[in-house]
Amino acid sequence: KEAETQTKLANVVVLATGGTIAGAGASAANSATYQAAKVGVEQLIAGIPELSKLANVRGEQVMQIASESITNENLLQLGRRVAELADSKDVDGIVITHGTDTLEETAYFLNLVEKTDKPIIVVGSMRPGTAMSADGMLNLYNAVAVASSKEAHGKGVLVTMNDEIQSGRDVSKMINIKTEAFKSAWGPLGMVVEGKSYWFRLPAKRHTMDSEFDIKNIKSLPDVEIAYSYGNVSDTAYKALAQSGAKAIIHAGTGNGSVSSRVVPALQALRKDGVQIIRSSHVNAGGFVLRNAEQPDDKYDWVVAHDLNPQKARILAMVALTKTNDSKELQRMFWEY
Ligand SMILES: NC(=O)CC[C@H](N)C(=O)O
């Protein structure tokens, strides 16, 4: 009987990369001061015996770092391992434990490049496992629950934090201290409660199986950088980034992705030199940048990131530039993904 139920359970692989979900503090009172990326994947899994009721879970330690230090090479390494596992007949779902600082970037990257309809769930925590009211255990339990469910198939890369199922494309870390840290301007896709998923909506943008990008065809990612805008901003950062080899610069603009008159001439000149200029917004609740609103994008041959925040715009720009350097094609991709 026992063996029978075991075989019916989904096979879920937990790929661990570090972050606070693998963090450890000196005392249970340390919810904010602790070291990230300390606890290994075997210990994370062993800490939640209830996982064995949800799925046959095994772990792999892909890296052990804080997510602000994740490089493009790390992203590619993780993406390739996810693709290998997704191709394997014995794997039904994949969970990635991750630091929360760049979790939204990794989730969006995988959403663009993984050619699978198997569930891929990225999860982190806001408090280390050693802290009172640690959130990692439940977030990971929920991730495994969603990864082992049939309903999660074909919905793109997902994020389970704070009982919510979010689209990896839309979700962003909005606050750095609360467990209710991850939000999407367009709302969560569903909820996960006591190991059961409740779905309410589907992502509308192209992802995974429907994406034109494939991790298997990506050898390296081009240099795309972000420059932040504010009152009295100068063009120094933009020029320096271009000089250091950036193929595209994401303008983390004010408001509607507006560009200071002190910066416009430099961006026009950089575009003439071949650098792609992509206007995004750093407003907190989520930007909405439209072509030819604030700046004449048609005239200057710039691209708008629409609702993608600057860090997500960087991810799409890198992936898109592996296929094209045509600004019209880039703009199409920014509408479709
Ligand atoms: N809550 C967190 O995971 C933040 C810890 C660390 N800065 C990271 O992103 O890995």
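**Around Thr-20, Thr-100 and the ligand**

Me: Not counting residues up to four places away in sequence, which residues does Thr-20 touch?
Reply: Bear in mind that this is a predicted model. Leaving out residues up to four places away in sequence, the list for Thr-20 includes Tyr-34, Ala-36 and Gly-99. The rest of the Thr-20 contacts are Ser-125, Met-126, Arg-127, Pro-128 and Gly-129.

Me: Okay, so is Thr-20 buried or exposed?
Reply: Thr-20 sits in the loop between β1 (10-18) and α2 (41-46). Its relative accessible area is 9%. Buried means under 20%, so Thr-20 is buried.

Me: How far is an oxygen atom of the ligand from an N or O atom in the side chain of Thr-20?
Reply: Thr-20 is one of the residues around the ligand. A polar contact needs N or O atoms within 3.5 Å. For the Thr-20 side chain and a ligand oxygen, the distance is 2.9 Å.

Me: And what about Thr-100: how far is an N or O atom in its side chain from a nitrogen atom of the ligand?
Reply: Thr-100 is among the residues around the ligand too, and its place is the loop between β3 (93-97) and α5 (103-113). From its side chain, an N or O atom reaches a ligand nitrogen at 2.7 Å.

Me: How much of the ligand's area does the protein bury?
Reply: Besides those side chains, a backbone N or O atom of Ser-125 lies 3.0 Å from a ligand nitrogen. Taken alone, the ligand exposes 290 Å². Of that area, the protein buries 90%.

Me: How many residues of the shell around the ligand are charged?
Reply: That shell includes Gly-19, Ser-67, Glu-68 and Asp-101. Sorting its residues gives 2 nonpolar and 6 polar. The number of charged ones is 2.

Me: Which residues does UniProt list for "active site", and what is the largest C-alpha distance?
Reply: The UniProt entry, which is unreviewed, lists Thr-20 and Thr-100 under "active site". They are spread over 81 residues of sequence but cluster in space, with a largest C-alpha distance of 7.5 Å.

Me: Is Thr-100 buried or exposed, and at what relative accessible area?
Reply: Not counting neighbours within four places in sequence, Thr-100 has contacts that include Ser-67, Gly-124, Ser-125 and Met-126. Met-161, Lys-173 and Phe-182 are in contact with Thr-100 as well. Thr-100 comes out as buried, at a relative accessible area of 4%.

Me: Met-126 turns up in contact with Thr-100. What is its relative accessibility?
Reply: Met-126 belongs to the loop between β4 (120-123) and α6 (136-147). Thr-20 also touches Met-126. Met-126 counts as buried, with a relative accessibility of 7%.

Me: How many of the 11 residues of α5 are buried?
Reply: Take Thr-106, which lies in helix α5 and has a relative accessible area of 1%. Outside its neighbours within four places in sequence, Thr-106 is in contact with Ile-70, Leu-75, Leu-78 and His-98. Other buried residues of α5 include Glu-104, Glu-105 and Asn-111. The helix is largely enclosed by the rest of the structure, because the number of its residues that are buried is 11 of the 11.

Me: At which residues does UniProt place the "domain: L-asparaginase N-terminal" feature?
Reply: This comes from an unreviewed entry. The span is 26% helix and 25% strand, and its end C-alpha atoms lie 22 Å apart. UniProt puts the feature at residues 11-199.

Note on methods
Residues are numbered from 1 along each chain as its sequence is written. This is a predicted model: local features need pLDDT of at least 70, side-chain atom pairs count only at pLDDT 80 or more; totals for chains, interfaces and linings use all residues. Side-chain values use heavy atoms; hydrogens and water are left out. A residue is near a molecule or strand if one of its heavy atoms lies within 4 Å of it. A polar contact is a pair of N or O atoms within 3.5 Å; within protein, one must be able to donate a hydrogen and the other to accept it, and residues adjacent in sequence count only if both atoms are side-chain atoms. Accessible areas come from the Shrake-Rupley method with a 1.4 Å probe; for residues, only the protein chains shown count as cover. Ala, Val, Leu, Ile, Met, Phe, Trp, Tyr, Cys and Pro count as nonpolar, Asp, Glu, Lys and Arg as charged, and the others, Gly among them, as polar. UniProt positions are given in the numbering used here, feature names are shortened, and annotations may be inferred rather than shown by experiment. Helices (H or I, at least four residues) and strands (E, at least two) are DSSP runs, numbered from the N terminus. Buried means under 20% relative accessible area, exposed over 50%, partly exposed in between (1.4 Å probe, protein chains only). Contact means heavy atoms within 4.5 Å.
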